[in-house]
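Reader: I'd like to learn how to read a structure like this one. Could you walk me through it, feature by feature?

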Amino acid sequence: MEPATASPETAPKTAKRAGIPAKGIESLEAETRVESVPVSGELPVWLTGSLIRTGPAKWEVGDQSMNHWFDGFAMLHRFGIADGKVSYANRFLQTKAYRAAKEKGEIVYSEFATDPCRSLFGRVFSIFNPKLSDNANVNLTKLGERYITMTETPIPVEFDAETLETVGVPYEPPGLLTTAHPHMERADGGMLNYAAKVGPRNSYRFFHIAPDSDEPNVTATLPVRHPAYMHSFGLTERHYVLAEFPYVVDPIKIPLSGRPYIENYEWQPERGTKFTLIDRKTGEATGPFKGDAYFGFHHINSYEDEDGTVVADICVFDDAMIVQDLYLERLREGKRISEPEVRRFRIDPKAGTVTSERLVEKGFDLPRINYMRCSERPYRYVWGVGTGESGWLDEIVKADLSDRSTKVWAKPGHFPGEPVFVARPDAEDEDDGVLLSVVLDEAKGSSYMLVLDARDLSELARAEAPHHIPFGFHGQFARA
Ligand SMILES: [Fe+2]
């Protein structure tokens, strides 16, 4: 990793502050609804629907502050696209965590890296009677006709995709920790995910929820002594692919540790990264197979090769420092964040081996693919955001895995978020469509929705939000 700043002796007086632009983690209090925002360029005529995103938007309650980028109260943002016009609306999710904080004037529920419960008695009490957070600021999905926004700790929240009104809790995950990156069950359009059951005995529990159901159906259970922090998992036509990075927790120690959730995890690289393949039909586990130690948030895609090898592409880091990098205090100091790389792991169950290689020279994270067409299958293209000159996420990258080439969209002072791929209806090519990304214009102090041609990353249009949108994580395009 490059140094955060040059030393005082060598730093030129005009040195620009590195890292995240301050506006990206400035709380946004205002909730707005604008029927038509300024649009420049040409929106594709076929593009009708809405880009809905979730993310943290408020990190302070009274004189208290959350600790980490991931902790902020969830806000939904919606860019509605129809007839060449774009509307914009944003609303806080009316969660238990948000409402309790508003009513009491203090942080009440534990978040990823913020624990309001300071006393030992309080902590032991809260572990046995956990106030599970429903601050669903990570990702959203559509399950049947319902729109659901999700977090890891672990309660999901249903909302109205038109009004952004909070509806309620659609289901309860079968564990204390889950992922906000479910997969789609192609057979019925339902949801596949896992939750970690934590207690005297721990296990990863894979579950399926049918499109019209509110009952998770546990289809596989994998006992584990030291659960790993896993933000997502892979899916092939036959298997769930679990990559247990060596960032692990001993749940027995949590009640007495006095630390918030993520600070109970330890980096133990000697464990390596353990891959386990779980048969989707039978629940039978194969593995674990040990590979080199990495840490990562996002699986990109997985599939079975003809020879039975499982290919798992993941955005990884050399270690778990990225979790530390994203504490608000460090971000505000203007430190560069760790740089991700895109790595392909090959898991050979017959030989019991895991090999890996860097797929493209330029690293990126927050990956998106043409999911409906390519998930669980061999594929060619992936888009994401990379860390360029600023030391924060400042470029949209497209990788062509057939020749390992990359293309980049970047503009100094502009900071794009996750590029959501939307396929053109009746498209033949995998990359025929657009990318939608919310970009912060640092000089202007406000954000816009950028529309790029997904093939060559040329700019097609942009739609200006009436204010800045704090940096969030994930979103989806809801077709009209
Ligand atoms: Fe994520």
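Reader: Let's start with charge: which side chain of opposite charge is nearest to Glu-158, and how far away is it?

Author: Some ground rules first. This is a predicted model, where local features need pLDDT of at least 70 and side-chain atom pairs count only at pLDDT 80 or more, while totals for chains, interfaces and linings use all residues. Residues are numbered from 1 along each chain as its sequence is written, and side-chain values use heavy atoms, with hydrogens and water left out.

Author: Now the general idea. Lys and Arg count as positive and Asp and Glu as negative, with His and the chain ends not counted. A salt bridge is a side-chain nitrogen of Lys or Arg within 4 Å of a carboxyl oxygen of Asp or Glu. Buried means under 20% relative accessible area, exposed over 50%, and partly exposed in between (1.4 Å probe, protein chains only). In this case the nearest opposite charge is Arg-146, 4.9 Å away, and Glu-158 is buried without a salt bridge.

Reader: Where is Glu-158, and what is it in contact with?

Author: Helices (H or I, at least four residues) and strands (E, at least two) are DSSP runs, numbered from the N terminus. Glu-158 sits in strand β10, residues 157-159. Contact means heavy atoms within 4.5 Å. Leaving aside neighbours within four places in sequence, the contacts of Glu-158 include Arg-146, Tyr-147, Glu-165 and Pro-170.

Reader: Which side chains do meet in a salt bridge?

Author: By the rule above, the count is 26 salt bridges. One of them joins Glu-376 and Arg-186, at 3.6 Å from N to O. Glu-376 is in the loop between α6 and β28 (381-387) and Arg-186 in the loop between β13 and β14, so the pair ties together parts 190 residues apart in sequence. Glu-376 is buried, with a relative accessible area of 6%, whereas Arg-186 is partly exposed at 30%. These two also belong to a network of salt bridges that links Glu-185, Arg-186, Arg-280 and Glu-376.

Reader: What about Glu-395: which residue does it form a salt bridge with?

Author: Its partner is Lys-362, with the closest N and O atoms 3.0 Å apart. Glu-395 lies in strand β29 (residues 393-400) and Lys-362 in the loop between β26 (353-358) and β27, so to speak a link between distant parts of the chain, 33 residues apart. Glu-395 counts as buried at 8% relative accessibility, and Lys-362 as partly exposed at 28%.

Reader: How do I read the empty spaces, and how many cavities are there?

Author: Rolling a probe the size of a water molecule over the atoms shows where empty space is left. On a 1 Å grid over the protein atoms alone, a cavity is a set of points where a 1.4 Å probe fits but cannot get out, and a pocket is an open set with protein on both sides within 12 Å along at least five of seven lines; lining residues have an atom within 4 Å of a point. Grid points are joined across faces, edges and corners, and a volume is the space filled by probe spheres set on the points. Here there are 3 cavities of 30 Å³ or more. The largest cavity has a volume of about 330 Å³. Its lining has 26 residues, with Trp-69, Phe-70, Phe-297, Leu-326 and Phe-473 nearest the centre.

Reader: And what is the volume of the largest pocket?

Author: About 1,200 Å³. It is lined by 41 residues, and those closest to its centre are Thr-141, Arg-368, Tyr-371, Met-372 and Gln-476.

Reader: Where does the backbone do something unusual?

Author: Most residues other than glycine have a negative phi, and most peptide bonds are trans. The bond from Thr-153 to Pro-154 is cis, with omega near -20°, and Pro-154 is in the loop between β9 (146-150) and β10. Another cis bond runs from Gly-287 to Pro-288, with omega near 5°. As for phi, Asp-83 has a positive value near 55° and is exposed, at 80% relative accessible area. Leu-457 also has a positive phi, about 65°, but is buried at 5%.

Reader: Where does pLDDT stay under 50?

Author: pLDDT is the predictor's confidence in each residue, from 0 to 100. The protein averages 92, and 93% of the residues score at least 70. Residues 1-15 stay under 50, and residues 119-125 are below 50 too. Where pLDDT is low, the predicted coordinates should not be read in detail.
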